[in-house]
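Here is a friendly walk through one protein model, written for someone who thinks at the bench. Keep the structure open beside the text and follow along.

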Amino acid sequence: ARLSGDTLKNMGIAIPAVLAAFSRIVATRADANTAVIAANQGEERMQGIINGKRFSEIVPAAPADFASPYSDYNYEIAVDYVNGSNLDTPVAGPTDFKRVRVITTKDGMAGFNVTLSTIMTYIGY
């Protein structure tokens with residue numbers, strides 16, 4: 001499928017690719033299945049955050065539960081302005097770059113999280 005110019009400008013550009021997400025798993029007592037479910041649910045939430053939204057519409061969200069049957073998994077959306085020269089360190093902003101993170105946790109598993117992260121950039125729309 002071909003993306004239209006409107007779709008591209010609404011999505012923004014993720015660096016280094018449209019969605020360059022990476023997973024950082026901190027698993028103190030997690031089994032592989034729990035980590036895979038958390039990563040998959042986080043990836044779906046990330047896609048929902050960045051697809052079809054303007055740069056200004058990409059904002060943080062308070063912790064919430066995923067829908068059933070994964071309602072024992074929770075997510076939080078963290079959005080920070082960053083500089084192009086240092087994409088890891090939040091700054092006061094605004095800048096032309098946002099680091100978007102979906103942090104997924106599971107009820108009853110203190111210390112467990114899966115964090116997906118991508119960088120969005122403002123292209124003038």
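## A salt bridge to begin with

Asp72 is partly exposed, with a relative accessible area of 27%. This is a predicted model, and in it the side chain of Asp72 meets that of Lys106 in a salt bridge, at 3.0 Å from N to O. The two partners come from distant parts of the chain, 34 residues apart: Asp72 sits in the loop between β3 and β4, while Lys106 belongs to strand β6.

Is Lys106 buried or exposed? Its relative accessible area is 19%. The cut-off for buried is under 20%, so Lys106 counts as buried.

## Asp80 and its two arginines

How many salt bridges does the structure hold? There are three. Besides the pair already described, Asp80 and Arg99 meet through their side chains, at 3.1 Å from N to O. Asp80 lies in strand β4 and Arg99 in strand β6, so this salt bridge ties together parts that are 19 residues apart in sequence. Arg99 counts as buried, at 11% relative accessibility.

Asp80 also forms a salt bridge with Arg101, where the closest N and O atoms are 3.4 Å apart. Here again the link runs between strand β4, which holds Asp80, and strand β6, which holds Arg101, with their positions 21 residues apart in sequence. Arg101 is partly exposed, with a relative accessible area of 22%. Through shared partners, the salt bridges join Asp80, Arg99 and Arg101 into one network.

## The overall layout

Now step back to the whole chain. The protein has two helices and seven strands, and along the sequence they follow the pattern α-β-β-α-β-β-β-β-β. Of its 125 residues, 34% count as buried. Take the contacts between residues at least 6 apart in sequence: 60% of these join residues at least 24 apart.

## How strand β4 pairs

Strand β4 (residues 73-83) is a good place to trace the pairing. With strand β6 (residues 97-106) it pairs in the antiparallel sense over ten bridges. One position to look for is Tyr75, whose bridge partner in β6 is Thr104.

β4 also runs antiparallel to strand β3 (residues 61-65), and three bridges join them. In this pairing, Asp65 stands opposite Asn74 of β4. The pairing of β4 with strand β5 (residues 86-91) is antiparallel too, over three bridges, and a hairpin of two residues joins β4 to β5. There, Asn83 stands opposite Asn86 in β5.

## Helix α2 from end to end

What caps the N-terminal end of α2? Asp31 does, with a side-chain oxygen 3.2 Å from the backbone nitrogen of Asn33. Just after α2, Gly52 takes a positive phi of about 75°. The 19 residues of α2 should span 27 Å at 1.5 Å a residue, and the end C-alpha atoms are 27 Å apart, which agrees.

The buried residues of α2 include Thr34, Ala35, Gly42, Met46 and Ile49. In an α-helix there are 3.6 residues a turn, so residues three or four places apart point the same way. Another residue to find is Gln41, which lies in helix α2. Gln41 counts as buried, at 12% relative accessibility. Not counting residues up to four places away in sequence, Gln41 touches Phe66 and Tyr70.

## The nonpolar core

The largest nonpolar core has 21 residues, and those touching the most other members are Met46, Ile49, Ile58, Val100, Phe112 and Met120. Helix α2 (32-50) and strands β4, β6 and β7 (113-121) each supply at least two residues of this core. Which element gives the largest share? That is α2, with seven residues.

Ile49 is a handy residue to select on screen. Leaving aside its neighbours within four places in sequence, Ile49 is in contact with Ile58, Ile77, Val100 and Val102.

Notes: Residues are numbered from 1 along each chain as its sequence is written. This is a predicted model: local features need pLDDT of at least 70, side-chain atom pairs count only at pLDDT 80 or more; totals for chains, interfaces and linings use all residues. Side-chain values use heavy atoms; hydrogens and water are left out. Two strands pair if DSSP finds at least two bridges between them. Helices (H or I, at least four residues) and strands (E, at least two) are DSSP runs, numbered from the N terminus. A nonpolar core is a set of buried Ala, Val, Leu, Ile, Met, Phe, Trp, Tyr and Cys residues joined through side-chain atoms within 4.5 Å. Buried means under 20% relative accessible area, exposed over 50%, partly exposed in between (1.4 Å probe, protein chains only). Contact means heavy atoms within 4.5 Å. A salt bridge is a side-chain nitrogen of Lys or Arg within 4 Å of a carboxyl oxygen of Asp or Glu. The expected span of a helix is 1.5 Å times one less than its number of residues. A polar contact is a pair of N or O atoms within 3.5 Å; within protein, one must be able to donate a hydrogen and the other to accept it, and residues adjacent in sequence count only if both atoms are side-chain atoms.
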